[in-house]
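Thanks for making time this morning; I would like to walk through one model with you, going from its sheet to its core and then out to its surface. Please have the sequence and the structure open as I talk.

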Amino acid sequence: MQKLTHITSKAIPLPTENIDTDQIIPARFLKSIDKNGFGQNLFRDWRFDKENNPNADFVLNDTTYAGEILVAGNNFGCGSSREHAAWALTGYGFRVVVSSYFADIFRGNALNNGLLPIHVSPEFLKELLQTVTENPETEISVDVEKQTITFNHKSESFDLDSYKKICLMNGYDDIDFLISKREKIEAFEKNLQNTY
């Protein structure tokens, strides 16, 4: 996974609430167990009409907005537990999703795939969505180490599991983390063998 320690980026506002994983990546695209290619079908039924023409009214098709941060409405990632939703978001190019609430399973899947879900207060989210919508050039700064998100000199702290923080900052998945502890594991095993 790619390291994520600090990011400053413009953002794409998607104020819709209760976005479920079937809207993020429709079930008909779940035929692969390979992470590659899911980004092209992110929000497929919102981005394209039935004739496969881009929906000009959908924010991801609006060139006014760009960036590696998605600012979404409340209750993002609800519904089924499909990990493909995180694959689609990262495959499209998002590194961070901001919301005032995330479904627990989605949050875990996101963190396991190098996507940082930032839980903010409803008031902070409302102001952030309004600011980004009205001024697409607004930049958001996320500091993973300090666990802060900042825009226009307004800042809020966010919670992040210490283990997942280490993984994000080093670009580790669970196996990479274990490999990084190889010397300590081997020393422990050697010490254990010497006690018997």
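Which residue is the bridge partner of Ala11 in β3? It is Ile69, and before I build on that I should say that this is a predicted model, in which local features need pLDDT of at least 70 and side-chain atom pairs count only at pLDDT 80 or more, while totals for chains, interfaces and linings use all residues. Residues are numbered from 1 along each chain as its sequence is written, and side-chain values use heavy atoms, with hydrogens and water left out.

Strands and helices here are DSSP runs numbered from the N terminus, E of at least two residues for strands and H or I of at least four for helices. Strand β2, residues 11-14, pairs with strand β3, residues 69-72, in the parallel sense over four bridges, where pairing requires that DSSP finds at least two bridges between the two strands. Within β3, Leu70 is the bridge partner of Ile12. Ala11 and Pro13 point one way from β2 and Ile12 and Leu14 the other, yet all are buried, buried being under 20% relative accessible area, exposed over 50% and partly exposed in between, with a 1.4 Å probe and protein chains only.

Stepping back, four strands form an open sheet with parallel pairing, in the order β2-β3-β4-β5. Because β2 and β5 (116-119) stand at the edges with a single partner strand each, one side of each is left without a neighbour in the sheet.

Turning to the interior, the largest nonpolar core, a set of buried Ala, Val, Leu, Ile, Met, Phe, Trp, Tyr and Cys residues joined through side-chain atoms within 4.5 Å, has 27 residues, and Leu70 is among those with the most contacts inside it, as are Phe76 and Phe106. At least two residues of this core come from each of β2, β3, α3 (84-92) and α4 (104-112), and α3 supplies the largest share, four residues.

Finally, the outside. Glu137 lies in the loop between α5 (122-134) and β6 (140-143), and it counts as exposed because its relative accessibility is 52%. The C-alpha atoms of Glu137 and Ser9 are separated by 9.1 Å, although the two residues are 128 apart along the chain. Leu178, for its part, is in helix α7, and at 48% relative accessibility it counts as partly exposed.
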